[in-house]
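Student: Could we go through this model together, one question at a time? I would like to reason from the geometry.

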Amino acid sequence: MRIALQNFTGGEVAPTLSARYDLARYRNCVACMENMLPGLHGDVARRPGTRFLADLGGGAVLIPFSFSAEAGQNFALVFGEKSLRIADADGLVENVPPIATPYAAEDLLEISHAQAGDVVYLAHRRYPLHKVVRRDAGNASGGYAWSLEKVVLNTSLPAPAAPSIAFSGSGDSYTLRYKVAAVDDKGRQSLPSPAGQSTGARHPSDWVQGNSATISWQAVNGAAEYNIYREEAGYFGFIGISRDTTFSDQNYQADTADTPREDWNPFADNNNPGVVAFHQQRMVLAATPAAPQAFYMSRTGDFENFRKSRPLQDDDPVEYLIASGSIDAITWAASFGDLLLGTSGSEYKAGGVDGAAITPNSVSITAQSYWGSAGLAPIIIGNSILHVQRHGARVRDLFYSLEKDGYAGNDLSILAPHLFEGHSLKQWAYQQTPGSTIWIARDDGLLLAFTYMKEHDIWGWSRQITDGRVRSVAALSGQDSDVLLLVVEREIQGETRFFLERLGDQWQDAAPVAEAFFVDCGLTFRRETPSTRVSGLEYLEGRALSVLADGSPVEGCVVRDGVIELPYPASVVQAGLGFVSALSPLPLESDTQSGSTLGRGRSHGRCTLRLHRSVGGKYGPGRDELYDLPFLPERWGTAVAPFSGDVDCIPGGGQSSAATLWLVQDRPLPFRLAALVLDVDFGEH
């Protein structure tokens, strides 16, 4: 039987699926995909290596800061033990000194964050609400000044003192009462002044010609204008605006639907929110210790203002308690057309009544699913939102379903439970280009990659193994593609070190093999004059490295005093820790005239690999029995040119019901497989 495998987008699946050849996705999946990534066209290629950027000196967690799509406007907030540093795609920003923070290292992964312009808000139930603020440095060198500030809600201009009231004309026993509020140039309104009054006046409904009231008050520093309110039926209703410190009331109608603000802070006394997001120009805060199932929304357009009016207005803050029959703590919030809320027991959609915007008097909550969500912030990709199921070990998507008139979703980890059982997912980041890949740091430091493009039904998992443990990931918008930054824990001479690293760029079709970067925690060295000596590797002292020198792999290089010695002079050197890429297809099974092939012995005859710009690699019946693919340079001493085309091989290994084929690349060279044709000979029953 000769069968072609030309689509690997299903990624790696669990061993328990090795007999499920009845599944439509079976032919697109493999038994092992290690340090390789499914391509969106069905191919599979070796992942790039990682570039060393900085020694962080201790554990850290990355939070992205993205002001715009421009590469220079994207940074990573590097949180360590009670410290914050700033990094970009090239490493730590040197002219920004470390900033003190209150966050202990063990709490960093639980920080919820949301960005608005130059401000990133940070929520954690054990800490008051904080924000990271970026401002222009204001000096000749340019750049930015960064700070971490505690958020003080409801700050504004001070309230004016009680105004003086002068009633003109004849009066009687009625008492006129007025309040004044200061407004700054951004439209933010202060609390109202104490009431000023005039006795012996008339009720405004009884005013006659010649009756009026003059209100005067002391100026408030920073005020652009003042709002004036008059008491009517127990409320102070808006009657006008003044840019001066006096106002003449000519019997204006008091609008008791527009009243002065009253202070309200549901987060006082350490009732700190654990979740922050933005929706419909409001800041959303949720999951306080006192009300874990409640969410709150700020005033419209004024994120740090929770002052209320009496009676409530549409732009006033919102408070809503999810009544689910049990205490389901809110674990995340996301703006996705509607406000979506994940709780420990369900997923909800929040909106206004009849599709209108959310207001204090118009909130509608409906459950969309009952899987429950972990605390990892969701990722929005196109028309889907991905979240981690309760207990942190399953990935699901949510998308709008016209048939359901609500949100539906799937378990995206159903085919690869072996990657999740007994583990939890600690952090993830979405790299839109190239490849539409989600990178996930597992609790044990294994890096998972999930290739996802829903509109083409592409989704597949792969394992990315490095000589260390990945502790944090963040994606930034780069010059030509998204940049993935990682915090990696590595052992160097018996000492645990934490490095900031960057996933290398995808090797381009027009690039020479000397530019191929397939080493981890590595660096590229370029010299005008070829040399055998490569220095600057002190951070990998004592380690044996994988080296590509002018396009040819070099073995046996060990870092001593920060230096490696090459056996020949080279101009372009890629040096770092080696990693192994491996691929093995699922067993080929089918129903034949003589019955199912399950359990039947088999052996592989001539197999064909269709490669694209690959150099070298190995094949064999097992990882412990491998043979080199037949690639040689045109002449000795030169690099092997990348090869595209078909290569035949005979794996061998004898006949067995478990016979398979392994493809491995363990040198710092590219490997990309477009198709695999297997010639399988089945034995008798």
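**Rings, strands and contacts**

Tutor: Happy to. Ring pairs link Phe 65, Phe 75, Tyr 144 and Trp 146 into a cluster. Please keep in mind that this is a predicted model.

Student: How many aromatic pairs does a search of the whole structure find?

Tutor: The search covers the whole structure and looks for aromatic pairs. Ring pairs are also what link the cluster that includes Phe 65 and Trp 146. The number of pairs found is 24.

Student: What kind of pair do the rings of Phe 247 and Tyr 252 make?

Tutor: Their centres are 5.8 Å apart, and pairing needs centres within 6.5 Å. The planes meet at 50°, while stacked calls for under 30 degrees and edge-to-face for over 60. The pair is therefore tilted.

Student: Is Phe 247 buried or exposed?

Tutor: Buried means under 20% relative accessible area. Phe 247 has a relative accessible area of 11%, whereas its ring partner Tyr 252, at 36%, counts as partly exposed. So Phe 247 is buried.

Student: Which ring does the charged end of Arg 47 sit over?

Tutor: A charge counts as over a ring when it is within 6 Å of the ring centre and within 35 degrees of the ring normal. The charged end of Arg 47 is 4.0 Å from the centre in question. Elsewhere, Lys 308 lies over the face of Trp 264, at 3.9 Å from the ring centre. For Arg 47, the ring is that of Phe 579.

Student: Which residue offers its backbone oxygen 2.6 Å from a polar atom of the side chain of Arg 25?

Tutor: Arg 25 is placed in the loop between strand 2 and strand 3, and with a relative accessible area of 16% it is buried. Leaving aside residues up to four places away in sequence, Arg 25 touches Thr 9, Gly 10, Leu 415, Asp 457 and Trp 459. The backbone oxygen at 2.6 Å belongs to Trp 459.

Student: Which residue in the turn between strand 40 and strand 41 has a positive phi?

Tutor: Strand 40 (residues 482–492) and strand 41 run antiparallel and are joined by 8 bridges, with Leu 486 opposite Glu 501. The two strands form a hairpin with 2 residues between them. The turn residue with a positive phi, about 50°, is Gln 493.

Student: Which residue of strand 41 stands opposite Thr 50?

Tutor: Strand 6 (residues 50–55) is joined to strand 41 by 5 bridges, and the two run antiparallel. Strand 41 (residues 495–503) is mostly covered, with 7 of its 9 residues buried. Opposite Thr 50 stands Leu 503.

Student: Which strands stand at the edges of the open sheet with the order 18-17-20-21?

Tutor: The sheet has 4 strands, paired antiparallel. An edge strand has a single partner strand, so one side is left without a neighbour in the sheet. Inside the order, strand 17 and strand 20 are joined by 6 bridges, with Ala 182 opposite Tyr 226. The edges are strand 18 and strand 21.

Student: How far apart are the C-alpha atoms of Tyr 320 and Pro 128?

Tutor: Tyr 320 lies in strand 26 and is partly exposed, with a relative accessible area of 24%. Its contacts include Gln 293, Phe 295 and Ile 365. Along the chain, Tyr 320 and Pro 128 are 192 residues apart, and their C-alpha atoms are separated by 21 Å.

Methods
Residues numbered from 1 in each chain as written. Predicted model: local features only at pLDDT ≥ 70, side-chain atom pairs only at ≥ 80, totals over all residues. Heavy atoms only, no water. Buried < 20%, exposed > 50% of the residue type's maximum accessible area, 1.4 Å probe, protein only. Pairing = 2+ DSSP bridges. Polar contact = N/O pair within 3.5 Å; in protein donor to acceptor, adjacent residues only side chain to side chain. Contact = heavy atoms within 4.5 Å. Phe/Tyr/Trp six-rings, centres within 6.5 Å; stacked < 30°, edge-to-face > 60°.
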